[in-house]
Amino acid sequence: MAKCNPLIACVVCFGLLIWFIRMIFLFSESKMPIAHIQDFYIPALNTKLPNFNSTTTTANFIFFDLELKNEMKEVGVRYHNVDLTFYYSTPKPSLLSIVHYTIPGFYQGHDKAAHRCDVVETRGMPWLDAFAAVSNGSTVVFTVELFTAVKLKRFFGSYSKTKQLLLGADVEVNGYGERVQKKSIKLKERVPKRVKDMAATRESDLNLRVADSNASVYSA
């Protein structure tokens, strides 16, 4: 019976150990998915179309291509419903909500990308103001916000706890109805509105306390 060479056994064991450590590292990845706007087109703002202007057109639509990507090598992602909200940035400045759109939840394998291309109809969009702006050579800004919840799929099909994901990006549109940005637009992480409201309330309370404090000093 042939004896096992100790050196070969050590090399094999070391290789298995490295592989096991690598698998643990890969399956412990915890990156959140990333999102990009690959395309964005608004025909109602294309001033170059013949006999076409915002006073007569009924094409109050937005064409978009959204890419959702899971960059993890060995971990899948389970998306809950993906809610998209489109806003128009008015001159005040403020954001006017014009579209609500939902992508049904789905599963995405590791190192995969998914595109959701669609046409959405706007509501309450001030087309006259926007068309006038791009007709004068200016641009207008739309904001896209994405909200969803995800679970990460790891060992033996087990899922992590649900994590919320809130992303957003501004899209600048020109007189061709196209986005000004040539490259894809990455949606970046945003602070939930309720957190902003809480921070604003705390700041307001702090300013009020400072004002009261100063008043008492001066009155003395």
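**Exercise 1. Determine whether N174 is buried or exposed, and describe its surroundings.**

*Solution.* Step 1: N174 has a relative accessible area of 18%, and buried means under 20% relative accessible area, exposed over 50%, and partly exposed in between (1.4 Å probe, protein chains only). N174 is therefore buried. The structure is a predicted model, in which local features need pLDDT of at least 70, side-chain atom pairs count only at pLDDT 80 or more, and totals for chains, interfaces and linings use all residues. Residues are numbered from 1 along each chain as its sequence is written, and side-chain values use heavy atoms, with hydrogens and water left out.

Step 2: N174 is placed in the loop between β9 and β10. Helices (H or I, at least four residues) and strands (E, at least two) are DSSP runs, numbered from the N terminus.

Step 3: A polar atom of the N174 side chain lies 2.9 Å from the backbone nitrogen of Y176. Such a polar contact is a pair of N or O atoms within 3.5 Å; within protein, one must be able to donate a hydrogen and the other to accept it, and residues adjacent in sequence count only if both atoms are side-chain atoms.

Step 4: Not counting residues up to four places away in sequence, N174 touches L45, V134, T139 and V180. Contact means heavy atoms within 4.5 Å.

**Exercise 2. State where V180 lies and which residues it contacts.**

*Solution.* Step 1: V180 belongs to the loop between β10 (176–178) and β11 (185–186).

Step 2: The relative accessibility of V180 is 32%, so V180 counts as partly exposed.

Step 3: Apart from neighbours within four places in sequence, V180 is in contact with T139, E172, V173 and N174.

Step 4: V180 and T139 are 41 residues apart in sequence, while their C-alpha atoms are 8.4 Å apart in space.

**Exercise 3. Identify the strands that pair with β8 and give the number of bridges for each of them.**

*Solution.* Step 1: Two strands pair if DSSP finds at least two bridges between them.

Step 2: Strand β9 (residues 163–173) runs antiparallel to β8, and 11 bridges join them. Within this pairing, A149 has Q164 as its bridge partner in β9, and E145 has G168.

Step 3: Strand β3 pairs with β8 in the antiparallel sense over four bridges; here G76 stands opposite K153.

Step 4: Strand β4 (residues 82–90) also pairs with β8 in the antiparallel sense, over six bridges. In that pairing, F142 is the bridge partner of Y88.

Step 5: The arrangement continues beyond β9, since two bridges join β9 to the antiparallel strand β12 (residues 188–189). G168 stands opposite K188 in β12.

**Exercise 4. Describe the environment of T148 in strand β8.**

*Solution.* Step 1: T148 lies in strand β8, which covers residues 140–153.

Step 2: With a relative accessibility of 1%, T148 counts as buried.

Step 3: The T148 side chain reaches the backbone oxygen of N81 at 3.1 Å.

Step 4: Leaving aside neighbours within four places in sequence, T148 is in contact with Y79, H80, N81, V82, K163, Q164 and L165.

**Exercise 5. Find how many aromatic pairs the structure contains, and classify two of them.**

*Solution.* Step 1: Rings of Phe, Tyr and Trp (its six-membered ring) pair if their centres lie within 6.5 Å; planes under 30 degrees apart count as stacked, over 60 as edge-to-face and the rest as tilted. A search of the whole structure finds seven aromatic pairs.

Step 2: F64 and Y101 are 5.5 Å apart, centre to centre, with 80° between the planes, and form an edge-to-face pair. Because F64 lies in strand β2 (residues 61–70) and Y101 in strand β5 (residues 94–103), the pair ties together parts that are 37 residues apart in sequence.

Step 3: The ring centres of Y79 and F106 are 4.5 Å apart and their planes are at 20°, so this pair is stacked. Y79 lies in strand β3 (residues 76–79) and F106 in strand β6 (residues 106–108), 27 residues apart. Both Y79 and F106 are buried.

Step 4: One aromatic cluster is formed by F40, F64, F86, Y88, Y101 and F142.

**Exercise 6. Name the charged residues that sit over the rings of F106 and Y107.**

*Solution.* Step 1: A charge sits over a ring if NZ of Lys or CZ of Arg is within 6 Å of the ring centre and within 35 degrees of the ring normal.

Step 2: The charged end of R116 sits over the ring of F106, 4.5 Å from its centre. For Y107, the residue is K153, with its charged end 5.2 Å from the ring centre.
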